[in-house]
Amino acid sequence: MNLAAIDIGTNSIHMIIVKIRSGNHFDILMQEKSMVKLGVGVFANNLLSPKAMEDGVATIKRYVQLADQYGVDDIIVSATSATREAKNGREFLDRLIHEAGVSPKLISGKEEAKLIFLAVKEAISIKKEKILVLDIGGGSTEAVVGDKNQVLFGHSMKLGVLRLLDKIGHQNALNEEEQEALKSQIRQAATKIMEKALETGFDRVVGTSGTIRSLAEACLEKKDNPSPESVNAEEVQLADLIKLRDKLLELPPEKRGEIPGISANRTDAIHLGATLLVELLQIANVKSLTISDASLREGMIIHHIEKQKLPIGEENQGKNLKEKSCFWLANRYETELEAKKHVSGLALQLFDQLKHLHQAGDLERSMLYHAALIYDVGLFIKFQDFHKHSRYIINNSQLRGFTNEEILVLGHLARYHRKKGPKKRHKRFKKLSAVQKDQVRLLAGILRIAIGLDKTKNQWVQNIYCLPQKNQLQIQVFSVENVTLEIWEAQRFSDTLSKYLKRDIKIEVG
């Protein structure tokens, strides 16, 4: 069996084609990498540029043709930070569906971290120890702690070489003031997460990703390593990385590429990556870094293999029959259940705080919770119109514990969680009873806002506070991170609840 995995990163787009052997083992048949730099400008204006989208679509179309030549049985496609955070990210994914014939999955930073760790476990010998894996990308940096059996902590930081480049505003050498500002920005964004990693505990740090491997190769070249381009399991000293960072910060872009190990297509931001890596290692209080050549795409392959044979874990079995049914459905159709639990928590906060306005009861609260767990199961079929596919799956999956009327409403909540809200002219909506129509309008309205508040899939919004006024509902959002995109998305989809409550809705940072 041959499989292909395409990783749509912020800085580059990678593809790996493998031949599956036994267990989690596979042989790599070919690898491709294109430095598309999809995320250039995204973190300044929240939009993928037309050129980046064109280049991205063309690259993936070429990858699909290559995969076909190798006779692959399946192509797994994941998109990460830049696509998550771009307002037109869904438009880009739609183009990939129509023009390249693939169904990409938009994965969260936490899921990305876990997949990277899965790959590293297969590439680095882990004995009786815990390791911290760092992966520096274009838009985010993943930090995950685990041992050979499990992931103990994983989080994504809003730090990446292209994100930092957008913040700096130029590719040139940095003066002392700019360097200090850069270091301060990194520490502000990274300290809290790295402290949690330190609390979890680890015995060594492993670095992966193109940026880290390039820096490692440059350090190993200076050490006369016999094979600097093969860096898996090699160790790099922090002192050498600091020297390399200082040199890169002083050089203009055209000179950075003259350093052995630094490729020309990384010269725009490699100095920022070096600064980021050094700061993270200093916060982690380590003196060396083990390098791994594993990456997200290998993790995607391993996960795809494992999901065919692993049962649902006991932790996802649910407290009652209805919850068990929803957990079963979410796992069957590969929904990221932890992210859905977060969305359900936000939805229930809204429901409870607005109860004096909507007067709905326990039945509606229960349906809102369960709908939040399974609203996107249709992604398993196809990204295009997946809300309609979700309704079909829910209506035809014989969910245990629910009445037929409840399943009908659950299907409509999935249908109306995105795109346009319920309309009188919609044929299936027209067939609902008056009570069911009210339930759908209210609960879909709440669900749309809750989903919007997890736009980047990082679970940054933790608490919500509703302040009803005579003609307006103010929703205050609380988070330690910048949640501008989440607020923009939630505001965009607040129309359904606004109509139901007959109040203008304003969503803002609390």
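Helices (H or I, at least four residues) and strands (E, at least two) are DSSP runs, numbered from the N terminus. The model is predicted: local features need pLDDT of at least 70, side-chain atom pairs count only at pLDDT 80 or more, and totals for chains, interfaces and linings use all residues. Residues are numbered from 1 along each chain as its sequence is written, and side-chain values use heavy atoms, with hydrogens and water left out.

**Exercise 1. Place E54 and state its exposure.**

Step 1. E54 belongs to helix α2.
Step 2. Buried means under 20% relative accessible area, exposed over 50%, and partly exposed in between (1.4 Å probe, protein chains only).
Step 3. E54 has 44% relative accessibility, so E54 counts as partly exposed.
Step 4. R95 is 41 residues from E54 along the chain, and their C-alpha atoms are separated by 9.5 Å.

**Exercise 2. Describe the sheet and the helix that packs on it.**

Step 1. Two strands pair if DSSP finds at least two bridges between them.
Step 2. The sheet is open, with 5 strands in the order β3-β2-β1-β4-β5 and mixed pairing.
Step 3. Its edge strands, β3 (26-34) and β5 (105-106), each pair on one side only.
Step 4. β1 (residues 2-8) pairs with β2 (residues 13-20) in the antiparallel sense, over 7 bridges. I6 has M15 as its bridge partner in β2.
Step 5. Helix α2 (residues 50-69) packs on the sheet and touches β1, β2, β3 and β4 (74-79); contact means heavy atoms within 4.5 Å. The direction of α2 makes about 15 degrees with that of β2. Axes are lines fitted to C-alpha atoms, for helices over the stretch in contact, and angles run from 0 to 180 degrees between N-to-C directions.

**Exercise 3. Characterise the cavities.**

Step 1. A cavity is a set of points, on a 1 Å grid over the protein atoms alone, where a 1.4 Å probe fits but cannot get out; lining residues have an atom within 4 Å of a point. Grid points are joined across faces, edges and corners, and a volume is the space filled by probe spheres set on the points.
Step 2. The count is 2 cavities of 30 Å³ or more.
Step 3. The largest cavity holds about 310 Å³ of space. Its lining has 26 residues, with D7, D135, I136, G137 and S209 nearest the centre.
Step 4. Elements giving two or more residues to this lining are α5 (109-123), β6 (131-136), α8 (210-222) and α12 (296-306). The largest share, 3 residues, comes from α8.
Step 5. The second largest cavity holds about 50 Å³. Its lining includes N11, K37 and R266.

Methods
1 Å grid on protein atoms, 1.4 Å probe; cavity = no way out; pocket = protein on both sides within 12 Å on 5 of 7 lines; lining within 4 Å.
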